[in-house]
Amino acid sequence: MTSSPDPLLPAPPVAGRVLDAQLHLLDRQVLDHDGVPVTTVDDLELSGPAVDVEIEPGTAAPVVTALLTGPVLGTRIFGGRPPSSRLIRIPWKDVAEVGVVLRLGISGEPLDAGWVERWVRDKIIARIPGGRHDPR
Amino acid sequence: MKRLLGVALGILTAIGGFVDIGDLVTNAVVGSRFGLSLVWVVAVGVVGICLFANMSGRVAAASGRATFEVIRERLGARAGLANLAASFLINLMTVTAEIGGVALALQLASSVYYLLWIPVAALAVWLVVWRVRFTIMENVTGLLGLTLIIFAVALFLLKPDWGMLAGQLAPAVPEQETVWTYSYYAIALFGAAMTPYEVFFFSSGAVEEGWTVKDLLQERINVLVGFPLGGLLSVAIAACAAVVLLPAGISVTSLSQVVLPVAEGAGKIGLALVLVGIVAATFGAALETTLSSGYTLAQFFGWSWGKFRRPAEAARFHLAMIVCLLVGIAVLATGVDPVLVTEYSVVFSAIALPLTYLPILIVANDPQYMREHVNGRVVNVLGMVYLVIILVASIAAIPLMIVTGAGS
């Protein structure tokens, strides 16, 4: 047992809006720049320091680096963690707006997060007659 | 003028769309066994569904978020998933029951065995979901469902002793029944009136039709006028059963017994109309539940959804609905009685109610979503009262089901 850590300093005042990751980010809908749903925020990726590593005084606070989706939902609910190769990431720099939903500044079409949707579309739904019919 | 027509149309479809196989069967069963002594439960249920449908519609109009997105955001992934599992299974049961209901009604009309009608009914449901525009779908089934008013007409034609009928309205357990079966059917009726799919469908429909806060007034009129009138239709079904079936000692176990009072009161034409009404009402509800199963899944997982998109632009949503319909066909193909599936689905609905309605109440108070359209104080008090009622019904449902042997 090393010496007990110094009491935490109060959080420095910040400019702008304070977001609660649990309340304002997790489980929110993600839309692309055309308003098409991409996914829900299943988990968040934070930058270091790693878990179980002694934190040196003066280390910069971790920042959100990416939104995560895919198998991570299952592990978030039932425990464990998927191998990092199986994480589907949406880099934080692509997030344009955080409101009731998270809006991306890019198109959702080429994202990894949409591969199941694309697969179902190309292999099944688009092949059924009328699959590309515009209802309006 | 056009606006007035829109309001009238909205009310009419709300009336016609209110009754589904759950309401038809449960009200007839209750009417034939308990007379009108459980009508008060219908009233409680109708006020509840008005309250929460209106709230979920307001959330959808103000924030563009449908109910299940809100449920996941507020309950988190774990409780949200539990709710999804429960709601989805109940919804699947209801899809099965509604398709079975369409098939049974077609059997009554055509004398062709209902199992042969099931693939036809399911295919028709899928074609409408796949191809027909949302507003047309809703208006056509809603308006055709209005023919169920024949239950009210038949009640008058039966010339019942109105004084005696009114005397049954007081909540009291009939001699031949126990307080347990009485409570069990109270919960079934409550579940039938407040089935969660109605708010999933209602709020998602508001997004489908692109409602904004400007449409709130019309939405409120649709709900506050349409649903109570739909509730009166439910009462008429129970009253018909109470007048004809209760004295004769017939207990309702099939759809033919549900329509028997109409045939007696209004003759062949009445029978024809009631069959049209039942096909339209159950078909409409089959559409709503099928869509709701897609809505709940898509909104939980954040998939692209909606009939306003091309099917290829909401691929997983459409695939999910196809799978649900296939599962429904498979379940019915085992020969299970659709009426029995219905009776169980309404009770299970009652069990899942709290997890659905609590997040709606929370978000309807969140200014980030609602801006100035947050709940007023009266609505919040009513909402809290209903949450207590819902919780009691939900906790009591399974014990009562065991004690009464599912109401037998």
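**Reading a sheet and a helix pair**

Guide: In chain A, four strands (DSSP runs of E, at least two residues, numbered from the N terminus) form an open sheet with mixed pairing, in the order S2-S1-S7-S6. This is a predicted model, in which local features need pLDDT of at least 70, side-chain atom pairs count only at pLDDT 80 or more, and totals for chains, interfaces and linings use all residues. Residues are numbered from 1 along each chain as its sequence is written, while chains are lettered from A and ligands numbered from 1 in the order in which they are written.

Visitor: Which strands stand at the edges of this sheet?

Guide: Strands of a sheet pair through backbone hydrogen bonds, either parallel or antiparallel. Here two strands count as paired if DSSP finds at least two bridges between them. Strand S2 (37-40) and strand S6 (95-98) of chain A are at the edges, each with a single partner strand, so one side of each has no neighbour in the sheet.

Visitor: In which sense do S1 and S2 of chain A pair?

Guide: Strand S1 (residues 29-31) of chain A and S2(A) pair in the antiparallel sense over three bridges, and A:Gln29 has A:Thr40 as its bridge partner in S2(A).

Visitor: At what angle do helices H9 and H16 of chain B pack?

Guide: Two packed helices are described by the angle between their axes and the distance between the axes. Helix H9 (residues 179-193) and helix H16 (residues 377-404) of chain B, both DSSP runs of H or I with at least four residues, pack at about 130°, with their axes 9 Å apart. Axes are lines fitted to C-alpha atoms, for helices over the stretch in contact, and angles run from 0 to 180 degrees between N-to-C directions. H9(B) and H16(B) are therefore oblique to each other, since angles under 35 degrees count as roughly parallel, over 145 as roughly antiparallel, 65 to 115 as roughly perpendicular and the rest as oblique.
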